[in-house]
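Let us walk through this structure step by step. We take a helix pair and a set of charged side-chain contacts.

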Amino acid sequence: MHANKVKKPLRQSVANQPAQQKQGTAFLDNRPVALAQGKMQEAANNSLHAREAAQLQTVANAYQPPKQRQTSKVIQGAFLRNHFNLAHWKDMDDGKDYQQVGNPVGNQIKLQDKDENTFFVIVTDSKIGVASRINELNFEEDEHWSVNIYDYSGSSDELRAAYLLRDTYQGKDNDLYDETSFNGIQNALAGNSFLDYKTLDDFLKDVSKRSDWGGANGGALEDYLTRKDAAKLMEDQLVDKVDYPDLRKGAKDTPEVQAEQWDAPMVNIDAGLWTDGMGPCITIAMTATYGGKRYNALLHSMDLDADGHDVVGGITSLFDKMKELPKFNQLENKKFYIAGGNKSTTVKAEKILLELMKRKLPVEGYSITDKEKDIKLTKALLITKDGKVYYSAYNPKDHDELM
């Protein structure tokens, strides 16, 4: 649904160029247009099955880090199965308190004292209840590779390990990595600990061997993580939303991309752009710099069948085709935004987002109006002269004076 509006056509000016160019072209307006991880568990299971304790002992004995300073300590804490869930630990020898840092990796945990000194400990014995005997490990130069998963956020050790594999092997023509699925990581860690693998390469070999390409969480690991990243971005990274009257004030004297220019990429140099009337339509916007100038571009996509490649390619190819513009790969400080749509076009919006992420183009905001109750809202988007992006969803009946 689109708002019915009659507005003055947008003037396009390109030096020594026709007044208007359609599909795959743009206008350049050279006027200086103005504008603008889950709550820590506080109590743990009071019992640990003997079988699990024995399994934990076996895993711990399997790995002895080299060049380690080792002292026997009893630190009071509690753990449930193989996961240590208390935030605080107490040294039973000297009474010192320690704060647990992050989640455990296998049977390793990271502790921090009041002076923020950190060290790793590894469980080598367990007792029923809350007492656990552990060895303090000062790894220094010889940390086990698995401690690096602490660098990543995620809901599970499997997911953090997946990010570590991606950052280590992505783009390096590694056949094992290319044949790895997320379910391979899940299968490997279902019966093993990270400490069963001496190196990350050893872990990758086993993960690749256990990957089921056609099974649940199958397919390329990189694609799986891209979808995960996209889902998180859709929840956390929204386009700045403003009331419609405020957006219209900001768009004053700013060229509008109107209905006859929809489905065609448009660009302005050192000037703003805005578009309105989005019902199921989706707008992709980009702002970037080059040579001391700012390039603001958008594509108001009305074609419901357009896929992510077509929409993103509309923006990128514009710069590669027009001689008045720098090549797309020359642009600096690129930022992309996706906004508009409704429940009927969420799949299209997700395809656009995934395409941007696969091309490793930075997405700064994503706002799709996908609630059933908002199906009748109209959307507008504004890029200001200095590259700020604003979005509004409104009921046209509430703003007759602006229509």
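**Charges along the helices**

Arg160 and Asp157 lie three residues apart in helix H2 (residues 157-169), so about one helical turn separates them. This is a predicted model. The two side chains form a salt bridge, with the closest N and O atoms 2.5 Å apart. How accessible are the partners? Arg160 is buried, because its relative accessible area is 6% and buried means under 20%. Asp157 has 13% relative accessibility, so Asp157 counts as buried too.

Turn next to helix H6 (residues 221-236). Here Asp236 and Lys232 are four residues apart, which means a separation of about one helical turn. Their side chains meet in a salt bridge, at 2.9 Å from N to O. Is Lys232 buried or exposed? Lys232 reaches 51% relative accessibility. The cut-off for exposed is over 50%, so Lys232 counts as exposed.

A further pair is Lys371 and Asp370. Their side chains also meet in a salt bridge, at 3.6 Å from N to O. Asp370 has a relative accessible area of 33%. That value falls between the limits of 20% and 50%, so Asp370 is partly exposed.

Which residues join in a network of salt bridges? Asp206, Lys209 and Arg210 are linked in this way. How many salt bridges does a search of the whole structure find? The search finds ten.

**Two helices in contact**

Now look at helix H8 (residues 308-321) and helix H9 (residues 346-358). They pack at an angle of about 55°, and their axes are 8 Å apart. That angle makes H8 oblique to H9. Why oblique? Roughly parallel would need an angle under 35 degrees, and roughly perpendicular starts at 65. The angle of about 55° fits neither class, so the pair is oblique. The crossing also has a hand: H8 passes H9 in a right-handed crossing.

Which residues make the contact? On the H8 side they are Gly308, His309, Val311 and Val312. On the H9 side they are Lys348, Lys351, Ile352, Glu355 and Leu356. By character, the contact residues divide into four nonpolar, two polar and three charged. Val311, Val312, Ile352 and Leu356 are nonpolar. Gly308 and His309 count as polar. Lys348, Lys351 and Glu355 are charged.

Terms used:
Residues numbered from 1 in each chain as written. Predicted model: local features only at pLDDT ≥ 70, side-chain atom pairs only at ≥ 80, totals over all residues. Heavy atoms only, no water. Axes fitted to C-alpha atoms, helices over the stretch in contact; angles between N-to-C directions. Parallel < 35°, antiparallel > 145°, perpendicular 65-115°, else oblique. Left-handed = near helix turned anticlockwise from the far one by under 90°. Contact = heavy atoms within 4.5 Å. Salt bridge = Lys/Arg side-chain N within 4 Å of Asp/Glu carboxyl O. Buried < 20%, exposed > 50% of the residue type's maximum accessible area, 1.4 Å probe, protein only.
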